[in-house]
Amino acid sequence: HGSYHSPTTGGRGSPLASTSWLGIHAAAGAGRGGESSPPRLRAAEDLLPTEAWLLILQELRVRDLCVVCAVSKHLRDLVKGNFQLWHQLYKKTFGMPAEREWSSKVVKHVLCKSERLACKWLDAAEGHKPRGKPVGFPDTQAMDLNESHCISGDRQNLRVWVHATDRRIKTLKGHSSNISCVGFSRSSQHDAIISSGDVTGHLKLWSMDELRNLRSLRAHADTVSDTLHFSSLCITCSLDGFIKVWDASQAHPLVLTLEGRSRIYNMSMHESCNRLYSVGNDIRGWDLETAQACVEIQEDDTMLGVDPEDYYGYPVDVWPGTGHRSKCLANNGNLLASAGKGIVNLYDLRSSRKCCSWRVAEEVLRSPAGGSVACTGLEIDEWKLLCGFKGAGSGVGLYDIRAASSGSMKAKTVMDLSPGEGRTILTFKVEGERVLAGMEGDLCHLWNFAAEEKAESDSDKEGDGKQSRQSKKKNKRCPKHRKKYPKRTTR
């Protein structure tokens with residue numbers, strides 16, 4: 001009609017309009033068997049060759065690869081059935097090649113299972129670590145916890161409380177000297193029992209349900225250094241060099257006595273094999289069925305950081321107090337870990353050989369008092385190890401140990417948990433996604449790695465609740481039904 005169209009407005013005379021019109025016309029012609037269609041626009045992932053994409057995908061984590069599979073069909077085909085990609089990622093994660101007969105689907109399943117266990121901790125290490133909050137009681141020097149409750153000891157007081165809500169349940173009194181170790185049974189088939197030992201060798205057994213004392217025993221001639229529970233049994237070790245097994249339901253509770261060669265500082269139980277590991281100058285494994293030593297691992301004498309005689313400067317018979325554990329021990333069924341005086345060793349339980357060893361940074365080991373540095377705790381599971389030492393840089397270090405069996409583990413902390421400058425950790429425990437630490441002169445400190453997800457879920461629930469309340473209000477705003485009265489008849 002003689003109207004003018006600007007080239008920039010997309011009118012009929014513009015290059016954009018002519019190009020699109022030609023494309024449509026050509027496509028229509030191709031559909032009728034006429035001219036060929038113009039070249040199709042290529043997708044973004046088609047611009048790079050397959051080799052370049054594989055180099056990029058090799059640098060991603062397992063969870064990121066699962067997300068990439070949802071981007072496009074081209075990337076999904078590259079990731080899903082790529083045997084080489086998943087096997088390289090397995091070797092990068094575990095430090096050794098996967099089994100030859102494993103398919104890429106099996107390797108992916110193993111990697112995803114490991115990633116699900118580690119994702120919250122690794123995300124916190126890459127992003128914002130949980131701040132933590134003060135809970136519990138001050139000067140906590142021994143503790144044990146499960147999913148809901150915590151048993152802690154400070155001086156002569158044994159406390160029972162809920163670590164998630166900081167609800168105090170009861171304070172159990174009966175010890176005449178400082179409590180050195182605490183433990184309680186987690187078996188659902190037997191009544192829950194709390195055990196507490198002190199620096200004079202006394203052991204007390206308490207009922208978790210009734211919160212009353214069941215037995216008071218003179219268990220050892222020296223400090224009870226550790227206590228743990230296996231089935232219905234309570235196992236204790238002491239600086240007098242003995243390990244004793246107790247059954248609270250029997251008239252004579254002492255069931256078994258095992259003799260060590262030196263002071264025993266810590267124990268660890270491998271329940272599936274009925275095997276008990278203890279650490280003193282060396283590590284020994286005990287078969288509880290035969291009451292015989294079945295494993296013996298020699299360790300370096302320099303790992304003994306705190307000794308009672310060195311602490312006081314003269315020979316003593318009683319341990320100077322708690323929070324001064326020379327060595328710690330832990331196992332996850334495949335690896336056995338020991339720590340002392342800034343040195344951490346990992347042993348393969350199948351061969352009893354040392355597969356990895358490292359020394360903690362010197363600034364962490366510097367003691368403010370100038371004395372030896374004690375180990376505050378050691379926790380291990382399928383993929384991580386947490387270790388802490390009582391020094392000027394007191395904190396808890398998190399290590400990824402998935403590649404430890406191959407000997408190619410990086411002896412570098414993934415994350416460091418610190419309660420703050422000038423604060424000292426005496427002991428710590430890990431349960432699920434929570435880390436609870438007892439502090440010197442202050443309340444306990446709790447880091448909860450599931451708190452952020454829980455807060456998001458709570459906010460979602462709150463939003464859903466608000467919407468449901470609004471919908472209920474709308475439903476209430478219905479027209480009122482007028483009552484029907486009988487008609488009045490008038491004549």
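Here is a short walk through one helix and some aromatic rings in this structure, which is a predicted model.

Let's start with helix α5, which covers residues 83-94. Its 12 residues stretch 17 Å from the first C-alpha to the last, close to the 16 Å you'd expect at 1.5 Å a residue. Just ahead of the helix, look for Asn82, which caps the N-terminal end of α5. One of its side-chain oxygens lies 3.2 Å from the backbone nitrogen of Gln84. At the other end, α5 is followed by Gly95, whose phi is positive, near 75°.

Now, which residues of α5 are buried? They are Leu85, Trp86, His87, Leu89, Tyr90, Thr93 and Phe94. These buried residues pack against α2 (50-57), α3 (62-68), α4 (73-80) and α6 (104-126). Tyr90 and Phe94 turn up again in an aromatic cluster, together with Trp102.

That brings us to the rings. The structure holds 5 aromatic pairs, and one of them joins Trp358 and Tyr399. Their centres are 4.9 Å apart, with 45° between the planes, so the pair counts as tilted rather than stacked (under 30 degrees) or edge-to-face (over 60). Trp358 sits in strand β21 (residues 353-359) and Tyr399 in strand β24 (residues 395-400), so the pair ties together parts that are 41 residues apart in sequence. Trp358 is buried, at 6% relative accessible area, and Tyr399 is buried too, at 5%.

Last stop: Phe137. The charged end of Arg159 sits over its ring, 4.3 Å from the centre. The charged end of Arg168 also sits over the ring of Phe137, again 4.3 Å from its centre.

How values were computed: Residues are numbered from 1 along each chain as its sequence is written. This is a predicted model: local features need pLDDT of at least 70, side-chain atom pairs count only at pLDDT 80 or more; totals for chains, interfaces and linings use all residues. Side-chain values use heavy atoms; hydrogens and water are left out. Helices (H or I, at least four residues) and strands (E, at least two) are DSSP runs, numbered from the N terminus. The expected span of a helix is 1.5 Å times one less than its number of residues. Buried means under 20% relative accessible area, exposed over 50%, partly exposed in between (1.4 Å probe, protein chains only). Contact means heavy atoms within 4.5 Å. A polar contact is a pair of N or O atoms within 3.5 Å; within protein, one must be able to donate a hydrogen and the other to accept it, and residues adjacent in sequence count only if both atoms are side-chain atoms. Rings of Phe, Tyr and Trp (its six-membered ring) pair if their centres lie within 6.5 Å; planes under 30 degrees apart count as stacked, over 60 as edge-to-face and the rest as tilted. A charge sits over a ring if NZ of Lys or CZ of Arg is within 6 Å of the ring centre and within 35 degrees of the ring normal.
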